[in-house]
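Here are a few exercises to work through with the model open beside you. Try each one before reading its solution.

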Amino acid sequence: MRPLTEDEMKAFFEKLTKFVGENVRLLLERPDGDWCFRLHNDRVYYMALDQLKIASSVPRDNLVCVGTCFGKFTKSGKFRLHITCLDHVAKFAKYKVWLKPSSEQSYLYGNHVLKAGLGRITEDTPQYQGVVVYNMADVPLGFGVTAHTTADCRKLEPTGIAAFHQADIGEYLRGEAELC
């Protein structure tokens, strides 16, 4: 495990700030201790420094994963968030979308969020902004990208797409998401 390089750090935090905004610093500056991001086999892991000290005694070849996998770097150098980081990102998400109960299952099967299934949306959400998708009971379901601004969503017809599907917990439960 090693710290991220400048280019990796830039790509990683660029993607992360798309969902949590300036709250990224709250992930590192926590009251329960010091936390960090480390790279292992092209995957970025989020862990406490205590875990890092313990993991440093394990040889690299024998170490599978430690902490929470936030995502991985593609061969082209882009960063992709994994659904395993949803709990951490959802706490600090700047923009959120809530689904009506009737459209939860549709979203979990990989469909986009339609205006008819949109329960609520954070005020002043810009277009093409990363959002965390919740159900009406405030349980995070996945990630998405808004297709329209908040004001434009109000004017959409019921079959119009309000947010694009990116990832959901259904992928994790069905075993389609990469864990380590």
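**Exercise 1.** Across which strands does helix H1 lie, and at about what angle does H1 run to S5?

*Solution.* Keep in mind that this is a predicted model. Start with residues 6-20, which make up H1. Follow the helix over the strands: H1 lies across S2, S3 (43-48), S4 (68-73) and S5. Then compare directions: H1 runs at about 35° to S5.

**Exercise 2.** Work out the strand order of the five-stranded open sheet, and find its edges.

*Solution.* Step one: the order is S1-S2-S3-S4-S5, with antiparallel pairing. Step two: S1 (29-30) and S5 (79-81) have a single partner strand each, so one side of each has no neighbour in the sheet, and these are the edges. Step three: zoom in on S1, which two bridges join to S2 (residues 33-40). Glu 29 has Asp 34 in S2 as its bridge partner.

**Exercise 3.** Which residues of helix H5 are buried, and why do they sit on the same side?

*Solution.* First pick out the buried ones in H5 (residues 101-108): Ser 103, Glu 104 and Tyr 107. They share a side of H5 because their arc around the axis is only 125°. In general, residues three or four places apart in an α-helix point the same way, because a turn takes 3.6 residues. Now look at the face turned away from the buried side: Ser 102 and Gln 105 are exposed there. Finally, check the packing: the buried residues of H5 pack against S6 (96-99), S7 (113-114), S9 (130-135), S10 (140-146) and S11 (161-168).

**Exercise 4.** Is Asp 168 buried or exposed?

*Solution.* Locate Asp 168 in strand S11. Its relative accessibility is 0%, so Asp 168 counts as buried. Then inspect the side chain of Asp 168: it makes a polar contact with the side chain of His 165 (2.5 Å).

Methods
Residues are numbered from 1 along each chain as its sequence is written. This is a predicted model: local features need pLDDT of at least 70, side-chain atom pairs count only at pLDDT 80 or more; totals for chains, interfaces and linings use all residues. Side-chain values use heavy atoms; hydrogens and water are left out. Buried means under 20% relative accessible area, exposed over 50%, partly exposed in between (1.4 Å probe, protein chains only). Helices (H or I, at least four residues) and strands (E, at least two) are DSSP runs, numbered from the N terminus. The arc is that of the directions from the helix axis to the C-beta atoms. Contact means heavy atoms within 4.5 Å. A polar contact is a pair of N or O atoms within 3.5 Å; within protein, one must be able to donate a hydrogen and the other to accept it, and residues adjacent in sequence count only if both atoms are side-chain atoms. Two strands pair if DSSP finds at least two bridges between them. Axes are lines fitted to C-alpha atoms, for helices over the stretch in contact, and angles run from 0 to 180 degrees between N-to-C directions.
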